[in-house]
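Me: I've got this model open on my screen and I'd like to know what stands behind the labels people put on it. Can I throw some questions at you?

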Amino acid sequence: MHRIKRKTLVLIVYCLVMFSFSVSQTMDEPIKNEMLRIIDQKSQLLIDVSDKIWEYAEIAVMEYESSKLLEEVLEKEGFRVEKDVADLPTAFVATFGSGSPVIGILAEYDALPGLSQDSMPFKKVLQEEGNGHGCGHNLFGAGSLGAALALKEVMENHSLPGTLKLYGCPAEEDVGGKLYMARAGLFDDLDACLAWHPDYETSVDVDSGQAVDDLQIEFFGKTAHAAFDPWKGNSALDAVEMMNFGVNLLREHVKPSVRIHYVITDGGKVPNIVPEYAKVWIWVRDLDRDGVKAVVEKVKKIVEGAAIATGTSHKINYMGSYHEMLINREGSKIMQKNLEKIGAITYTEDEILYAKKIQNATEVEEKGMVSTIETLKKPEKYPEGGSTDVAEVSWITPTIHLSTTCAPHGIPWHSWAVVASSKHPIGYKGMFLAAKVLATTALDLFRNPDILREMKKEFKEKLKGYTYKSGISPDQKPPIRIK
Ligand SMILES: [Zn+2]
């Protein structure tokens, strides 16, 4: 009896949820409406996949369960899945169809360390020292899966030619999985690529973000008793401190667009031993690769100076260099049209209340959810800070990027508040919208060679003769982490 009641209740809630998801979401082409219907029909599957990835909360290069789950669903749905690609055990490429054009969709699924959080509108750690989806990549992975499944079904139903590739991209938050996938040439045969990301606003992205160099610097000194015979020692920590002091002075002499941030990952073990080893992890960002390179050359001199002054030796380890995003305006216009036709997300009162509670707890304005569709803007001269390894793909093939509202407006990103939003209808609704926009836009690319031609023309002009160079050396292996 109890079970029947529960089942009925679940069904009613499900129907209500489905109704609110599908309101006003019709387009002017029957085939696109068919895609929206497919995504609506698969909504429970997408929620289940998203929730499981949220629960696994696996950090970079450890996404074993998350990637396995996505691979299993894709194989069951008839995709050919190539696993363990580009030296990354948690990366995969799922392919459907054959021939030209070849369209890619990116999926991410890594979590952030130390952000364990329950799906509650206030800070509540789920597991001590656990991880959490503070960037909403569980939604990202499942949303891209939804787009791929809808595309595959209409390609079958309407005998559309072409190849669809869903890329399982691990380690976006750390390591940069796409750096390795790009170096392995996995994106080389694409005619275009689509990606999205959870946000607290909805827009087709026209800003290029920042290029970044990721460096780890080690200093090697000489140990001694810090009180008895300190004159016999050379402190590696002194070298780190001198380097950081130099870097902080450098801030005054770089362009306002530059961002430099560091953490000391090893500063010695106990105060009474002069540290013989110390390590600092530093990121240098600017608007483009040239800007980053110029600052990094100065940082290298500071490192050398710190080593000389402290009698230590040093080693600079390049962890990766990321490009800024190469925006494709032609592709963005097509995506914008689909986004506007599908329409903004609507929310229930309970959902808005949930959002406001999170805003209250994070001390930001209680605006609730903001899902208004922004017009396609001109790129900002100084875009907001941040970098992504999606940028690597954008220099290999024309890439279009979307953000959808998956969290309360204004909340701090990479925080418990995003984890709390990513296993909740406010997150699911953004995921469904992303799946629909990606699917209908990819459909346009499959069916209309003129669009692809224009996108490629713009891409070639913007490259200005540049051929993509990987930001990692040919023999650099990704760090493999075993559970
Ligand atoms: Zn992210």
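Me: What makes Glu29, Lys32, Asp444 and Arg447 a network?
Reply: Those four residues are linked by salt bridges. Keep in mind that this is a predicted model. A search of the whole structure finds 26 salt bridges.

Me: Why is the contact between Asp389 and Lys178 called a salt bridge?
Reply: The cut-off is 4 Å between a side-chain nitrogen of Lys or Arg and a carboxyl oxygen of Asp or Glu. Asp389 and Lys178 meet at 2.4 Å, N to O, so the pair counts as a salt bridge. The pair also links distant parts of the chain, 211 residues apart: Lys178 sits in helix α6, and Asp389 in the loop between α10 and α11. Both Asp389 and Lys178 are buried.

Me: How do you know that Glu77 and Lys42 form one too?
Reply: Their closest N and O atoms are 3.7 Å apart, and the limit is 4 Å, so the pair qualifies. Here a loop meets a loop: Glu77 lies between α4 and β1, Lys42 between α2 and α3, and 35 residues separate them.

Me: Are Glu77 and Lys42 buried or partly exposed, and why?
Reply: Buried means under 20% relative accessible area. Lys42 has 17%, so Lys42 is buried. Glu77 has 22%, which is not under 20% and not over 50%, so Glu77 is called partly exposed.

Me: What makes Asp229 count as buried?
Reply: Asp229 has 12% relative accessibility, and the cut-off is under 20%, so the label is buried. Asp229 also has a salt bridge with Lys232, with the closest N and O atoms 3.5 Å apart.

Me: On to the metal. How do you know which residues are the protein donors of the zinc ion?
Reply: A donor here is an N, O or S atom within 2.8 Å of the metal. Cys135 (SG), His137 (NE2) and His197 (NE2) lie 2.1 to 2.3 Å from the zinc ion, so they count as donors. Along the sequence their spacing reads C-x1-H-x59-H. His137 is in helix α5 and His197 in strand β5, 60 residues apart, so that pair links distant parts of the chain.

Me: Why are His137 and His197 called buried?
Reply: Same cut-off again, under 20%. His137 is at 0% relative accessible area, so His137 is buried. His197 is at 16%, so His197 counts as buried as well.

Me: Now the helices. Why are α9 and α13 called oblique?
Reply: They pack at an angle of about 130 degrees, with their axes 9 Å apart. Roughly perpendicular runs from 65 to 115 degrees and roughly antiparallel starts over 145, so about 130 falls among the rest, which is oblique. The crossing of α9 and α13 is right-handed. Among the residues that meet there are Ile334 and Leu339 in α9, and Leu433 and Val437 in α13.

Me: And what makes α3 and α13 oblique?
Reply: Their angle is about 120 degrees. That is past the 115 limit for roughly perpendicular and not over 145, so α3 and α13 are oblique. Their axes are 11 Å apart, and the crossing is right-handed. Ser43, Leu46, Ile47, Ser50 and Asp51 of α3 make the contact with Tyr428, Met431 and Phe432 of α13.

Conventions. Residues numbered from 1 in each chain as written. Predicted model: local features only at pLDDT ≥ 70, side-chain atom pairs only at ≥ 80, totals over all residues. Heavy atoms only, no water. Donors = N, O, S within 2.8 Å, 3.2 Å for Na, K, Ca; no water. Helix = DSSP H or I, 4+ residues; strand = E, 2+ residues; numbered from the N terminus. Buried < 20%, exposed > 50% of the residue type's maximum accessible area, 1.4 Å probe, protein only. Axes fitted to C-alpha atoms, helices over the stretch in contact; angles between N-to-C directions. Left-handed = near helix turned anticlockwise from the far one by under 90°. Contact = heavy atoms within 4.5 Å.
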